[in-house]
Amino acid sequence: MSSFNVNAARAQRTEALGRNWSFSLDDDTFEMPSELSRRTARALRELDDNDIDGLLRLLLGEQQFDRFDRHDVSMQDVAAILEAYGKATGLGLGEG
């Protein structure tokens, strides 16, 4: 019986999706991981359901979040970003 090779499966997913998913806003480009670590998933679970800034801070990291926070972004913009991210990566975040 053959065994499942996690590294090979991860490499295949990374090749298909890339390491990061990106989006543009005005003249800035931001990247979020195409896969979440268990540590990040645990931190996401600990967030309040309405903590949009906490969610974005975890996904973007501190430096990108600070840059993102300088933009005038609506909740509809954030919802559109999270929806596109979910479709591209298979990760459902910020869904009601």
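## A tour from the whole chain to Val78

Begin with the whole protein chain in a cartoon view: this is a predicted model, and the protein chain in it has five helices and two strands. If you follow the ribbon from the N terminus on, the elements come in the order α-β-β-α-α-α-α.

Next, keep the entire chain selected and show only its C-alpha atoms, which fill a box of roughly 55 × 30 × 25 Å when taken along the principal axes. To see how the chain folds back on itself, display the contacts with a separation of 6 or more, of which 51% join residues 24 or more positions apart.

Now switch to a surface representation, where the protein chain exposes about 7100 Å², with carbon and sulfur atoms supplying 44% of that area. Of the 96 residues of the chain, 27% count as buried. Colouring by charge brings up 11 positive and 18 negative charges, and the mean positions of these two groups are 12 Å apart.

For a closer look, select helix H5, residues 75-89, and within helix H5 pick out Val78. Is Val78 buried or exposed? Val78 counts as buried because its relative accessible area is 5%, which is under the 20% cut-off.

With Val78 still selected, add the side chains around it: leaving aside residues up to four places away in sequence, Val78 touches Ile52, Leu56, Phe68 and Val73. As a last stop, select Ala41 together with Val78 and draw the C-alpha to C-alpha distance, which is 19 Å for these two residues that stand 37 residues apart in sequence.

Conventions. Residues are numbered from 1 along each chain as its sequence is written. This is a predicted model: local features need pLDDT of at least 70, side-chain atom pairs count only at pLDDT 80 or more; totals for chains, interfaces and linings use all residues. Side-chain values use heavy atoms; hydrogens and water are left out. Helices (H or I, at least four residues) and strands (E, at least two) are DSSP runs, numbered from the N terminus. Buried means under 20% relative accessible area, exposed over 50%, partly exposed in between (1.4 Å probe, protein chains only). Contact means heavy atoms within 4.5 Å. Accessible areas come from the Shrake-Rupley method with a 1.4 Å probe; for residues, only the protein chains shown count as cover. Lys and Arg count as positive and Asp and Glu as negative; His and the chain ends are not counted. The place of a charge is taken as NZ of Lys, CZ of Arg, CG of Asp or CD of Glu.
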